[in-house]
Amino acid sequence: MKPHLISQVSTVVLLGICSFAPSAMYAAGIQADFSQYKSVGGVSIRQTGDALLATWPMGRGEYGSLTLDLQSNTPLIESLAISGDPTKPGETLLKGVSPVNVITVGTRDLANPAGWVAFFDNPRNRPYKSYLATLEKSSARVVTEGGRSTIVIGGLSAGPFHGDMRFILYPGTRIVQSQAVVSTEQDAVAFLYDAGLSSPAPNWTSIQYLDNFDRWQSAPADAPAAPIAVRNRAVIAEAGGGSVAVFPPPHQYFYPLDLPDNFQFAWRGRGYHDLVTDAGFGVRQPPEGDKRWVPWVNAPPHTEQHLSLFYLLSREKSEKTLDEVRRYTRGDHFKKLPGYLTFTSHYHNEHSLGFVDAQKAQKTDGVPKGFSEPGFVTAFKQRGVDIAHLAEFHINWTQELQARRLPLLKTMHDECARLSNNKFLLLPGEEPNEHLGGHWLSLFPKPVYWTLQRTKDQPFSEQVAGYGTVYHVGSPDDVLKLMETEHGLMWTAHARIKASIGYPDNYKTAPFFLSDRYLGAAWKAMPSDLSKPQLGTRVLDLEDDMSNWGLRKYILGEVDVFNVKPEHELYGHMNINYLKMDKLPRYQDGWSSVLTTLRNGHFFVTTGEVLIPKFTLGGKGSGETLRLSPSQKPTLNASLEWTFPLNFAEIISGDGAKVYRQRIDLSDTPAFGSRTLKIPAEVSERKWVRFEVWDIAGNGAFTEPVWIE
């Protein structure tokens, strides 16, 4: 018996022309509510009969046009068009199209002690059901907030979910943000969503995309539906007047997985999912993922889940349209910033084991075939990484592997040296997961040899021919002594989730955790919950807790994936640390400056789209101490750069017991901008302050704390 059922929505047959199936009971004559609307930034939205017509300036002397049809039994989007004059019709790109939202509803195992924070869960192995969202067009309203306007169409439903359909316009951009905003009263819901556009009689001539091996692909508009692997998460419909690309939020869309493979996160064609009878194109979240642990997305009861998709309008052919899409993620590349180096951590490539096994199989003592430049190194360079930190040997150390440990460590050190150069630094590292509790990562400033076991009569350290000093670690005290002796750093991997549930909380008073050799914890966007406007609150909350515990600990970004290759969807799972460093260390000289920068908190973390090149509070940067008198009110200075329009910033602070948030509305920002904020910060009686910035796609950046005395 298959583990899922596919729901056949009968109203699709009644409609016959739209992937949103309107109710047959709909009464015509909807009058949109404009009471919360005002024309700002050149946006104009008006109602003419049964149509809502919206125009907005896109830049370069062009205006976008979105016309919505409020009648029943018609596609919701009458047209998407571009003109040089907002008072004239312009060039139609797509016509008679409807938003597609297929919501797959499963269950979270709330009997699991991790509950909603579970990663080790598999809704795909329990019964689930997919629903094509239907739209009654029961109401319409227009809302203006800051510099952007939203059209809200009521009456959306999909299985246990109910809500509305929204279209958000951003002056100065080529994008429309389409959102199905839904909630459920049902408990223990884990879900996925596929989204796109469809038409019974498509006016586009072809579907275009760049596949994950960088080959341009084209398919007829009416081809049978198929999942596809694409670069930059974008699929493009090419029509006579130009083209329209659809793409999801670049990081928020991906539920956490161990493997970053491109699992065909897009679709095109007619008959998608056996639910969409029309021809269409869009993005998808495959239920089976990497067929390991596949936790899907959380939907706690009564939370508003925002299922986003972006439409980008262009008069150009697909190649140039994709270039426009790529601008929003800087080509899936982390920008170089003067005075900073990009640092990424936590990769289980098991390169050393693979290298040794390949040497044996190929009967060579040199570099085996296929290992000259491993795929993960190529992928790092393509993403703009300066420094990459491995997490090798994430395996059960059998007796046989224990006997091989020192040779494997030497292989890791030698390979990191071979693969490093004056533009890229590969650092050895492990996720040893022994002695402390939970999972943790190690980073030393030079090659260090150590074993994970220590017998009763074995010394802590000894000299071993061919390796020099070798340490034997058999307890938390030994781990701390090793870190102190070799000036290493350690931190909690995937804190409060996975195998680190309960950590670092359960050892927050342990000597090793209180030591300055324990950096803190690592941040990643998991679990997935689309009701939140930011990512990774699990670890951001931990940063606040640790600061209120009175500990000067820091949070760095981690990626925590296996077996990276250039053709993978790595960027969607990535974040990056910008270390305040001017010079890339040479491997042969050691990399103590990397550890010093981390230990001092002189870095910020980002998904890549939002940057914080400068941040001070009262003249002090992250990791530094600000001394204040009770009457002082310091100014927060932050220089920002971004691609997607921003949503908000927050000044977060704590007094040792409570956490305080001072929100700064940034809904007046366009795309691709920069700004310096100067804000008097409310920090009376506070002991620490940090800063976050988030954009409309859930991308963001955050600093490390400034400490207040």
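How many bridges join strand 41 to strand 44, and in which direction do the two strands run? I began my notes with this, bearing in mind that the structure is a predicted model.

**Entry 1, the sheet.** I found that strand 41, covering residues 635–642, is joined to strand 44 by 8 bridges, and that these strands run antiparallel. Looking for one particular pairing, I noted that Leu-640 has Arg-675 in strand 44 as its bridge partner. I then looked up the sheet to which these strands belong, and it is an open one of 3 strands, in the order 39-41-44, with antiparallel pairing. Strand 39 (611–617) and strand 44 (673–680) are the edge strands, each pairing on one side only. From one strand to the next, the twist averages 10°.

**Entry 2, aromatic pairs.** Next I turned to the rings, and the structure holds 38 aromatic pairs. Phe-34 and Tyr-37 form one of them, edge-to-face, with 5.8 Å from centre to centre and 75° between the planes. I wrote it down as edge-to-face because planes over 60 degrees apart count as such. Phe-34 has a relative accessibility of 25% and so counts as partly exposed, whereas Tyr-37, at 19%, counts as buried. A further pair that I looked up, Phe-512 with Tyr-518, is tilted, with 5.9 Å between the centres and 50° between the planes. Here I read Phe-512 as buried at a relative accessible area of 5%, and Tyr-518 as buried at 0% relative accessibility. I also noted one aromatic cluster, which is formed by Tyr-193, Tyr-253, Phe-254, Phe-263 and Phe-265.

**Entry 3, charges over rings.** I looked up two arginines beside aromatic rings. The charged end of Arg-327 sits over the ring of Phe-672, at 3.8 Å from the ring centre. For Arg-686, I found the charged end over the ring of Tyr-660, 3.7 Å from its centre.

**Entry 4, Val-43.** Is Val-43 buried or exposed? I found a relative accessibility of 0% for Val-43, and since buried means under 20%, the residue counts as buried. Val-43 lies in a loop, the one between strand 2 (33–36) and strand 3 (44–48). Setting aside neighbours within four places in sequence, I listed the contacts of Val-43 as Tyr-37, Thr-55, Trp-56, Pro-57, Ser-149, Leu-169 and Pro-171. Tyr-37, on this list, is the residue that I had already met in the edge-to-face pair with Phe-34. For Ser-149, I also looked up the separation: its C-alpha atom is 7.6 Å from that of Val-43, although the two residues are 106 residues apart along the chain.

Notes. Residues are numbered from 1 along each chain as its sequence is written. This is a predicted model: local features need pLDDT of at least 70, side-chain atom pairs count only at pLDDT 80 or more; totals for chains, interfaces and linings use all residues. Side-chain values use heavy atoms; hydrogens and water are left out. Two strands pair if DSSP finds at least two bridges between them. Helices (H or I, at least four residues) and strands (E, at least two) are DSSP runs, numbered from the N terminus. Axes are lines fitted to C-alpha atoms, for helices over the stretch in contact, and angles run from 0 to 180 degrees between N-to-C directions. Rings of Phe, Tyr and Trp (its six-membered ring) pair if their centres lie within 6.5 Å; planes under 30 degrees apart count as stacked, over 60 as edge-to-face and the rest as tilted. Buried means under 20% relative accessible area, exposed over 50%, partly exposed in between (1.4 Å probe, protein chains only). A charge sits over a ring if NZ of Lys or CZ of Arg is within 6 Å of the ring centre and within 35 degrees of the ring normal. Contact means heavy atoms within 4.5 Å.
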